[in-house]
Every structure is written in C-alpha cells, then in structure tokens.
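Please look through the sequence and the 3D structure shown here before reading on. The report that comes after is written for someone new to protein structure.

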Amino acid sequence: MTATSTDHARIEDAASVIEACYEQGWTDGLPTVPCSESALAAFLATTTRAPDEIVLEMPHLDRACTVRLAAVNAIMAGCRPDYFPVVLAAWDAMAAEGWAGSGMWQSTTGLAPGLVIHGPIREQIDVNSGASIFGPGTRANATIARALRLAAGNVFGLTPGTLDQSTQGTPGKYYLCFGENQEQSPWPGHHETRGFAADDSAVTAISLRSVVHLEARQASTAEQLLFDIAGTIARTGALLQETVGSGLVLSPEHAHLLADQGFDRNRIRAFLREHATITIEELRRVGKDGISAVQRLRLPADHPDAVEGRAANGARVQVLHPDDEFPIIVAGAWNCGISAVVERFGTGAVPPATVRIDAKSRDIVEVEPILRDFDESLRRDGFGGRWSGSDGVVRFEVRTVTADCADCLVPEPVLRRMLDAALQPTGWQVGELVMPDLS
Amino acid sequence: MTLLDNGKVNGAQLLNEIAELLVRDHGVTVVGTVAKQWAGQPLEPADRAAIVERTDVVLTAIGDCGSCSAATIADGILLELEGIPTASICTTPFVVTGRAIARSYGLDDYSFVEAEHPVASLDRDGLRGRAETIVSDVVKILVSRQ
C-alpha cells in the first residue's frame, strides 16, 4: 500500500477525531467511528420511524434511547446504514424481552445483550452464521451488537463501576451477535417457531450470562448428546434462583444427528426438562438447597432468609423452568460435533423476544452526500453528475456543464471503480453509469 | 415507620434487626413491612402512594447489587419528594452507584446509609452486628430530614 501526502493528512485528521472521542468518554475501549451529520442522515433515511421516537426507556434512570441516538451509536460502532433496520429491531427485541429496561444492564450479574439474526437479511448484509460465530471477523456481527453496548454507556450512562456494576461481566458484552445457519439446519428457522414467515427477517434478543462450550464430537446417538447437554445445563454454578433460563446453539452436525434420530425442538426440550437435574445432596454441599422468601434465590436451607428447601435425600431437582420454551438455534460451521449452552438471565419464565426487521425500501438520500462530493469534483473540470436510484442501486449520469476540458474526464471503467469504492461502506452499488457524448 | 424490603437475601432480616433497635431505643412504631416484588426498579407510584398515606418515615434495604442499589436510592429520593424522610441502605461497593443515581435526580449531596459488604451471607448474629453498627446513621439521616 502506498499513500500520498494528502492521504497522510487525512489519516492524521481521522486519528485525532478518534482520540477526541476517547477524551469525551464516547467509547467502550475500542476506537469509535466519528459521526457526521451526513452519516446520521443516511442512517435515519433507512427507517420510517421518527428520529425522536423512543426505542428503549430506563425510567428509573430518567433516560431513554431514541432512534436518533441509536443511529449515532450505530455509526460510532462502525455499522453501515443498511444495518440500521437490524439495530432498531434489536432494540425493539431488547425492549420486548424486558430485562434491559428493568435495570438488569446495571446488575452485578454482568449480562450481555446477545442477538441472533434470522432470514434473508443475513445474506443481504453478510451476517456470519457459520465458522466462528462467537468470534471476531465479520463487520455486521461485530458492529450491530456493538451499537447496543455503546449506547448503554453513551445514552444510559452505564459505565463500568458506576451504573454498570457487573462484578466481572462476560466476554459477550464485547459484541455477541450471529446469524441462524438456516441453510444447514434440519428445522424451520427459530423465527418461524415464533410466528414469522420463513422469508421474514427477524432478530432475537437474549440477555445472557454466559455461553458454555460443549464438546461432543464422539456422540453417535441422540441420547448421548442430550445427556451431555443436560449435564452442561445442570451445573450448580449457574443457579442463582430455583431454575435457570437456557438456550441451545447447536452446530449443524449435532442438529442433524438429533433430527435424523427423530428429535425435533419440542422433543429435545421435553428430554432436557426431564434430565437436566441436580441431586439435593449436590445442592446442599454448595449451599443452594434452600430458597429465599421473596425473590426465591438459592441459599443454604438453614439461612435466616430461607423459607423452603428441606427436600429428602436422593431427591432430584429439575433445573429448567417447566414453561420455558427455550430457544434452539442452529449456527456455526458444519465441521464438528461442538455446540453451546447459552445461560440466559432469569429463571426461564421470561422468554427471549423475536422482532421482525422492517427495512424501508432504501432511499437514495442515504448516499446523497457521497454523490454530491462526486458532483463537486466533476464540476472542477466542467462536468457534473445527476443521479437517481433506489434499493441500493445508483444510476449515475455524467453530463457536460462547461465542457472546457474534455480530456479531464476519466474513462468510464475508472469512474465506475471510483464510485463503487466511495459507495462501498454504504452497501450501495453503481448500476447504470451514463457518460456524456464528447464527440 | 414502614420497612420497605426489596426482597434481596437478608434484606428483610436486616430491616427487622434495625427496627428492633429503633423501637427499643427511640420509641419508633413500625406500622408495617412492604415487600417489593422486583428489586431492580423503584416502587410503582400506587404502592408508593399507599406508603405515603400511612407512615411518617421509611427504612429500606438492601442495595447490594447493581440494579437494586440504584432502585433502593431512587425509592428513597422519590419518597422524600413526597415528604417522607427515608433512610436507604446500600452496601459499600454500591455507594458509587447510589451517588450516580442521586446525581441523575440532580441531588448531588443526597445521603444514605452505607453498610459493610456483604449482607446476604450473614447469619443471625452477623445481621444483629451489622444493624448495631449502622443504626446511628439511620437515626441521623431520618432526624436530619424531619
């Protein structure tokens, strides 16, 4: 790579803006993208919702995140404009699930806002649903989740050690977002089980404590695998209350092993409810055999606040909530028998929420600042631009204004490459490119 | 006095221990205990109104986690705004949260009771000891706001 002196100046400018964002405290520790008025306009153009509409409220803090603030933080997080409808749906899903608005983003638990993306939008904006879904590498996965966490600090003031009192937090607080691997799943999409159509795009919000890795590459029967999952769910350390909220992220290999042996989602849930158990002796030795009076937290049966819990020896305690239709999602690469148990916040009585992504048809307004810049540079040589377009495709026409420098106009393929490069961060492309007749 | 229990482990027990000392040494009458169903949010306005209706002062505990400490301080502030002196109890690590929430209500100097952490794992003797340590702070706050 080589750079001109102009490039160097621009890089230094960008670096100083990033530093200024650090000085303002507008960061989660990683660099943030500066938000300009034109970028904000491009994001707001992707939705029909009013900029002042509230997407999530924390009344006890007297603070609210609006569509505008959601956009500012999405920009700072590194999102493209076409991700913004997903970000808004993610906020809606978080609000519908309820934990974020009820104060739990402040909790010592340190939960992460986990997001799962379903439907055709995954392909349109390149959401990773395959290899390394819980790891880095994909812009959409990283920045959509980051948009929410940045706003937690910048909008709600939930900074570590003050209003975010996470004792340790969880690595998922640094961006936990992945796509459902529908193409390699034996079952309908998770969003279809929640009443949406297969070709709807949707987001599921899961406030989670941790993602527990499950090694079962040797499993050859459904029962072997399900007992392994049951044992992973029923660990004593997961229990704060009587039961745990759970969720499965099954690799395609595991999902097909189960499906091929006659297990659908409901049969998997029934098996796990029955077999995810802990004996009362195991609970007693960790001081969790009793239940507290009001919040029904686990504590020793002889604790001053214990009201229940003197179960007989040999008793087995089921750790999954009987009504919990916990999510079972297929994601990851089809290359090994590895899956994950997601430990949701709460007892399992509150289900994760799935919300449809309503993308407005994409308006040319999103990319007008870029096109105006192009127009301006063409005008220096006596030409100008005129444009139209929708849904991510621009028709650009170069026309003659003064035509005093016919040689100054770059050839069509070069101009197309320049326009494509300028539009690339927005997800838009050049369709028809009309050149003037200079003969 | 009304005891406002946020439902956290040992919250009600600590309130009862302190109330016993206030009854014995200060002639306080406890008119009742209100148990919150959800510790992470302040009282619903209707529940707050019911307390305001029947009591002169409130003692509330225990802010010993991120969300419940903020809500415990917010309960105190909201009751004070309706004229009911309130002593909110938070454990030491959550003093910073309490101050942050007080600032968000524009009350930078709002005072509350700090109890040594932890409270949830104390036995009865431990709870009695904690109550004896902080009861004078409870009295000081309630008297200063009368």
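The text below goes through the interface, then two sheets, then some local features.

This is a predicted model, in which local features need pLDDT of at least 70 and side-chain atom pairs count only at pLDDT 80 or more, while totals for chains, interfaces and linings use all residues. Residues are numbered from 1 along each chain as its sequence is written, chains are lettered from A and ligands numbered from 1 in the order in which they are written, and side-chain values use heavy atoms, with hydrogens and water left out.

**The interface**

Where chain B meets chain A, the contact (heavy atoms within 4.5 Å) involves 33 residues from chain B and 23 residues from chain A. About 2000 Å² is buried between the two chains, and carbon and sulfur atoms give 58% of this area; buried area here is the accessible area, found with a 1.4 Å probe, that two parts lose on being put together, summed over both. Within the area that chain B buries against chain A, B:Val9, B:Trp38 and B:Gln41 supply 23%, more than any other three residues.

The interface has 13 residue pairs in polar contact, with both residues at pLDDT 80 or more. A polar contact is a pair of N or O atoms within 3.5 Å, where within protein one must be able to donate a hydrogen and the other to accept it, and where residues adjacent in sequence count only if both atoms are side-chain atoms. Helices H1 (11-26), H3 (66-81), H4 (95-104) and H5 (124-144) of chain B are the elements that give two or more residues to the side of chain B that touches chain A, and H4(B) gives the most, with 5 residues. Helices (H or I, at least four residues) and strands (E, at least two) are DSSP runs, numbered from the N terminus.

By class, this side of chain B has 16 nonpolar, 12 polar and 5 charged residues; Ala, Val, Leu, Ile, Met, Phe, Trp, Tyr, Cys and Pro count as nonpolar, Asp, Glu, Lys and Arg as charged, and the others, Gly among them, as polar.

**Two open sheets**

Two strands pair if DSSP finds at least two bridges between them. The table sets out one sheet from each chain.

| Chain | Strand order | Pairing | Average twist |
|---|---|---|---|
| Chain B | E2-E1-E3-E4-E5, 5 strands | parallel | 20° |
| Chain A | E15-E16-E17, 3 strands | mixed | 25° |

In the sheet of chain B, strand E2 (32-35) and E5 are the edge strands, each pairing on one side only. Strand E4 (residues 86-91) of chain B runs parallel to E5(B) and is joined to this strand by 3 bridges, and B:Ile89 stands opposite B:Val113 in E5(B). H5(B) packs on the sheet and touches E3, E4 and E5 of chain B, with a direction that makes about 170° with that of E5(B); axes are lines fitted to C-alpha atoms, for helices over the stretch in contact, and angles run from 0 to 180 degrees between N-to-C directions.

In the sheet of chain A, the edge strands are E15 (383-390) and E17 (429-434). Strand E16 (residues 393-400) of chain A is joined to E17(A) by 4 bridges, and these two strands run parallel; A:Glu397 stands opposite A:Val434 in E17(A). Helix H12 (residues 368-379) of chain A packs on this sheet, touching E15 and E16 of chain A, and its direction makes about 160° with that of E15(A). Helix H13 (residues 412-423) of chain A lies across E16 and E17 of chain A, at about 150° to E17(A).

**Salt bridges and local features**

A salt bridge is a side-chain nitrogen of Lys or Arg within 4 Å of a carboxyl oxygen of Asp or Glu. The structure holds 30 salt bridges over all chains, whereas the count between chain B and chain A is 0. One of them joins A:Arg265 and A:Glu180, whose closest N and O atoms are 3.5 Å apart. A:Arg265 lies in helix H10 (residues 265-275) of chain A and A:Glu180 in the loop between strand E4 (177-179) and helix H7 (190-193) of chain A, so the pair ties together parts that are 85 residues apart in sequence.

In chain B, a cis peptide bond with omega of about 5° joins B:Ala61 and B:Ile62, and B:Ile62 lies in strand E3 (residues 58-63) of chain B. Another cis peptide bond, with omega of about -5°, joins B:His117 and B:Pro118.
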